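Visitor: I would like a close look at a single part of this structure, followed outward to whatever surrounds that part. Please keep the account plain.

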Amino acid sequence: MSTPHRLSTRRREFLAASAGVAATARAQEARTKKEKLGIGLIGSGGRGNGLTGDVDRLRREGFPAEIVAVCDVYRPRLEKTAKRFNAKPYSSSKELLQDPNVDAVFIATPDRLHVHHALEAVRAGKDVYCEKPLTHWGQFDKLKELVKEARARNVIFQVGTQRTSDVMYHMARTQIQKGAIGKPIHVITGLFRQGDWGERGMPIDDPNAREGPDLNWEAFLADAPKRPFDVSRFFRWRMYMDYSGGPVTDLYPHFLAPVVMALGLGFPKRVAAIGAQYAFHGEREVPDTFDMLAEYAAGVTVAVLGSQGNGSNIDPVIRGTAGAITLRESNVYVEPEPPTDKRKIDMPSYNCVLEHIRNFLTAVRTRKKPNADIENGYRTQTALIMAMQSHLARKVAVFDEDSEQIRLE
């Protein structure tokens, strides 16, 4: 039996949570009427500056949004980005989220920090654009916690998987729904590129940087294993398994999320994966080559393949019982089965990165679901986490949807 003290504590927690949800709802309603949305940026590295540069471009084109606040644990980057947008600088994400001028935030911190900042933002009642991956591969419990909180507060949440805003995938979805290829049964997609410039090539702003007032190493580590400060780990974090996962988490969200959207897929039943360092060694810890197979209850297998050791890329192909759809160079090709004349559907010139951001900002104003919402992010990230677990354990990862648990067989 619960003690009176425990009942009292639970009641206080319930009332506080209810008050928070109510306050969030009021703030959301106010955003539909605001003259201009205030945007905060958490993480002012290269990706963060790219995202806010696109927000500023939309502002110049007339979209009612502007960068009002910037946060980073590395002061030189913080000051540079804050000056660029004439925005208020914060060294603490919690302080930025308390700023009443901030309506929505863009999160562009290292992978390990995404879920921590997203949880803070959701609980503060802000709408969120969070770069992929939604979480680090070792944070499945945190992923579920984030999804629960986002659902409870009905926030607008967009994951930075820009291809879900690409008209090619929306046209593919339309063709699938019309029955152009029959029942979808197999998908192959992925990325092949030459070079580890996305990991080893990350810029080291200052090789003499040290932890201290201008660099908060503890905030960078978050729930990662505690280690002494290392300049390479801080600036080139994508090379290390503590903070990243290589292609499966850094690149494959872009290719799996739009497939999940186009086919309306749920959670995978089983995922098997293999990965390795075939091309790049030394200090790098994450795989450079990674292949995963995911089986879905709808009777579809999705293969996401790739390597950073070779740049001969592949076109995404969605195969069905009556034909196939190929996505190539901004065009959609529909080929019946058995093969006859392939029908080409020309698509308009389209900047899916910019349109993904426009889609998010529009959703903040209208309160309509964005293209890469939290549910798409949950299903996509679960499959990627299962793939990494399969690779590390050399077993098949199985998902129990009822209990929302992953087990290895």
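Visitor: Which residue stands opposite I107 in β4?

Guide: The residue opposite I107 in β4 is I42. This is a predicted model, and the values below are computed from it. I42 closes strand β1, which covers residues 37-42 and is joined to β4 by four bridges, the two strands running parallel. On another pairing, β4 meets strand β5 (residues 127-130), again in the parallel sense and over four bridges. Within that pairing, V105 has V128 of β5 as its bridge partner. To get from β4 to β5 the chain passes through helix α5, residues 111-123, in a β-α-β crossover that is right-handed.

Strand β4 itself spans residues 104-107 and is covered on both faces. In a regular strand, side chains alternate between the two faces of the sheet. Here A104 and F106 lie on one side, V105 and I107 lie on the other, and all four are buried.

The loop between α5 and β5 holds K126. With a relative accessible area of 7%, K126 is buried, because the limit for that term is under 20%. Leaving aside residues up to four places away in sequence, K126 touches R31, L97, D99, V102, D103, A121 and V155. Two backbone oxygens are within reach of the K126 side chain. That of V102 lies 2.6 Å from a polar atom of the side chain, and that of D99 is reached at 3.4 Å. K126 also lies 9.8 Å from I39, C-alpha to C-alpha, although 87 residues separate the two in sequence.

Further along the chain, helix α6 (residues 140-153) packs with helix α13 (residues 374-393). The axes are 11 Å apart and the angle is about 170 degrees. Angles over 145 degrees count as roughly antiparallel, so α6 and α13 are roughly antiparallel to each other. On the α6 side, the residues that meet α13 are F140, L143, K144, L146, V147, A150 and R151. Their counterparts in α13 are I374, E375, Y378, Q381, T382 and I385.

Next comes an open sheet of 10 strands with mixed pairing, in the order β14-β13-β12-β11-β7-β10-β9-β8-β15-β16. Its edge strands, β14 (343-346) and β16 (405-408), each pair on one side only. Neighbouring strands of the sheet are turned by 15 degrees against each other on average, direction ignored.

Several pairings in this sheet can be given residue by residue. Strand β9 (residues 289-296) runs antiparallel to strand β10 (residues 300-307), with six bridges between them, and E295 stands opposite T301 in β10. Strand β8 (residues 268-276) is joined to strand β15 (residues 397-400) by two bridges, also antiparallel, with V271 opposite A397. From β15 the pairing continues to β16 in the antiparallel sense over four bridges, where R407 is the bridge partner of V398. β15 and β16 form a hairpin with four residues between them, and E404 in the turn has a positive phi of about 55 degrees.

Two helices lie across strands of this sheet. Helix α7 (residues 167-177) lies across β7, β11, β12, β13 and β14, at about 170 degrees to β12. Helix α11 (residues 253-263) lies across β7, β9, β10 and β11, at about 160 degrees to β7.

Notes. Residues are numbered from 1 along each chain as its sequence is written. This is a predicted model: local features need pLDDT of at least 70, side-chain atom pairs count only at pLDDT 80 or more; totals for chains, interfaces and linings use all residues. Side-chain values use heavy atoms; hydrogens and water are left out. Buried means under 20% relative accessible area, exposed over 50%, partly exposed in between (1.4 Å probe, protein chains only). Two strands pair if DSSP finds at least two bridges between them. A crossover is right-handed if, with the strands pointing away from the viewer, the path from the first strand over the helix to the second runs clockwise. Axes are lines fitted to C-alpha atoms, for helices over the stretch in contact, and angles run from 0 to 180 degrees between N-to-C directions. Contact means heavy atoms within 4.5 Å. A polar contact is a pair of N or O atoms within 3.5 Å; within protein, one must be able to donate a hydrogen and the other to accept it, and residues adjacent in sequence count only if both atoms are side-chain atoms. Angles under 35 degrees count as roughly parallel, over 145 as roughly antiparallel, 65 to 115 as roughly perpendicular and the rest as oblique.
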